[in-house]
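The exercises below are to be worked with the coordinates open. Try each task before reading its solution.

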Amino acid sequence: MLPGLVTLTALVGLAACANGGGLRVEGADAPATSATPSARPSLMEGVAPEPKRTPAVAVDLRQVRLKLLADKHLPTYARNVLANCTVIPRCLSRGKTVDVLHSGTPQQIVLIHTLDNFVFGFFLIAVEPTGPRPIWNLKADLPTVNASPQGDLVVESKIFTIEDAVCCPSGRRVEVYRWNGRQMIKVSSTDNKGD
């Protein structure tokens with residue numbers, strides 16, 4: 001009984017000294033520990049930096065809606081959709097982040113769509129410390145908007161004829177726009193029918 005009591009006492013004593021950090025390993029194979037985080041090896045050592053990209057932004061769509069409705073030049077159809085839209089994600093959604101103004105500050109593509117999610121245009125919104133600022137807009141059916149490697153805005157949209165169903169446009173249009181320092185100008189347009 002005495003050896004059992006000695007063993008139990010030793011275990012309780014060792015448990016009381018434990019710091020809760022688990023098993024401690026000492027010796028030549030044990031990693032060195034340090035109280036300073038700077039002594040730890042970097043997780044990124046030996047990893048090449050990623051190429052510079054336009055940082056994503058999260059423009060406030062409620063603020064965008066208010067700015068657009070305050071614009072006297074907002075197209076009538078877009079104004080009607082935005083004025084009657086009380087649940088913002090049903091009429092506006094974020095597209096890609098670009099820097100087609102070559103300002104070093106990102107711009108946000110904001111798509112405008114009907115309640116049944118038919119996209120009929122988009123806005124180019126400058127993201128500024130004072131809030132979102134509309135720069136330019138384009139009416140286009142089901143657009144896909146990207147920045148080219150040269151920094152132009154490439155817009156691919158669908159072309160519908162009177163016989164086409166909403167699901168099935170019969171063609172597409174690819175347009176390229178460039179910022180000239182004051183406004184966006186169209187530099188090319190190509191229509192493809194029957195794709």
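**Exercise 1: a glycine in a strand**

Gly95 has a relative accessibility of 29%, so Gly95 counts as partly exposed. The model is a predicted one.

Task: state where Gly95 sits and which residues outside its sequence neighbourhood it contacts.

Solution.
- Step 1. Gly95 belongs to strand 1, which covers 92-98.
- Step 2. Buried means under 20% relative accessible area and exposed over 50%; at 29%, Gly95 is therefore partly exposed.
- Step 3. Once neighbours within four places in sequence are set aside, Gly95 is in contact with Gln108 and Ile109.
- Step 4. Gly95 and Phe122 lie 27 residues apart along the chain, and their C-alpha atoms are separated by 8.7 Å.

**Exercise 2: the chain as a whole**

Task: give the order of helices and strands along the sequence, and the share of residues that are buried.

Solution.
- Step 1. Three helices and eight strands are present in the chain.
- Step 2. Their order along the sequence is α-α-α-β-β-β-β-β-β-β-β.
- Step 3. Of the 195 residues in the chain, 27% are buried.
- Step 4. Among contacts with a separation of 6 or more, 33% are between residues 24 or more positions apart.

**Exercise 3: the crossing of two helices**

Task: classify the orientation of helix 2 and helix 3, and list the residues that make their contact.

Solution.
- Step 1. Helix 2 spans residues 61-70 and helix 3 spans residues 76-83; their axes come within 10 Å and cross at roughly 135 degrees.
- Step 2. Angles over 145 degrees count as roughly antiparallel, and 65 to 115 as roughly perpendicular. The two helices are therefore oblique to each other.
- Step 3. The crossing of helix 2 with helix 3 is left-handed.
- Step 4. Helix 2 contributes Arg65, Leu68 and Leu69 to the contact, and helix 3 contributes Arg79, Leu82 and Ala83.
- Step 5. Sorted by type, the contact residues are four nonpolar, no polar and two charged.

**Exercise 4: the buried faces of helix 2 and helix 3**

Task: decide how the buried residues of each helix are placed around its axis.

Solution.
- Step 1. In helix 2, Leu61, Val64, Arg65 and Leu68 are buried. They span an arc of only 100 degrees around the axis, so they are on the same side of helix 2.
- Step 2. The general reason is that an α-helix has 3.6 residues a turn, so residues three or four places apart point the same way.
- Step 3. Arg62, Leu66 and Ala70 are exposed on the other side of helix 2.
- Step 4. The cover over the buried residues of helix 2 includes helix 3 and strands 1, 2, 3 and 4.
- Step 5. In helix 3, the buried residues are Ala78, Val81 and Leu82. Their arc is 95 degrees when seen down the axis, so they line one face of helix 3.
- Step 6. These residues of helix 3 pack against helix 2, strand 1, strand 2 and strand 3.

**Exercise 5: two polar or charged side chains in strands**

Task: are Ser157 and Glu175 buried or exposed, and what do they contact?

Solution.
- Step 1. Ser157 is in strand 6, residues 153-159. With a relative accessible area of 4%, Ser157 is buried.
- Step 2. Beyond four places in sequence, the contacts of Ser157 are Ala140, Asp141, Leu142, Pro143, Gly171, Arg172 and Arg173.
- Step 3. Glu175 is in strand 7, residues 171-179. Its relative accessible area is 8%, so Glu175 is buried.
- Step 4. With residues up to four places away left out, Glu175 touches Leu138, Leu153, Val154, Val155, Lys186, Ser188 and Ser189.
- Step 5. For Glu175 and Ser189, the C-alpha to C-alpha distance is 4.3 Å at a sequence distance of 14 residues.

**Exercise 6: positive phi in loops**

Task: locate His102 and Leu142, and state their phi values.

Solution.
- Step 1. As background, most residues other than glycine have a negative phi.
- Step 2. His102, not a glycine, has a positive phi of about 55 degrees. His102 lies in the loop between strand 1 and strand 2, and is partly exposed at 48% relative accessibility.
- Step 3. Leu142 also has a positive phi, near 50 degrees. Leu142 is in the loop between strand 4 and strand 5, and is partly exposed at 27% relative accessibility.

How values were computed
Residues are numbered from 1 along each chain as its sequence is written. This is a predicted model: local features need pLDDT of at least 70, side-chain atom pairs count only at pLDDT 80 or more; totals for chains, interfaces and linings use all residues. Side-chain values use heavy atoms; hydrogens and water are left out. Axes are lines fitted to C-alpha atoms, for helices over the stretch in contact, and angles run from 0 to 180 degrees between N-to-C directions. Helices (H or I, at least four residues) and strands (E, at least two) are DSSP runs, numbered from the N terminus. Angles under 35 degrees count as roughly parallel, over 145 as roughly antiparallel, 65 to 115 as roughly perpendicular and the rest as oblique. A crossing is left-handed if the near helix is turned anticlockwise from the far one by less than a right angle, and right-handed if clockwise. Contact means heavy atoms within 4.5 Å. Ala, Val, Leu, Ile, Met, Phe, Trp, Tyr, Cys and Pro count as nonpolar, Asp, Glu, Lys and Arg as charged, and the others, Gly among them, as polar. Buried means under 20% relative accessible area, exposed over 50%, partly exposed in between (1.4 Å probe, protein chains only). The arc is that of the directions from the helix axis to the C-beta atoms.
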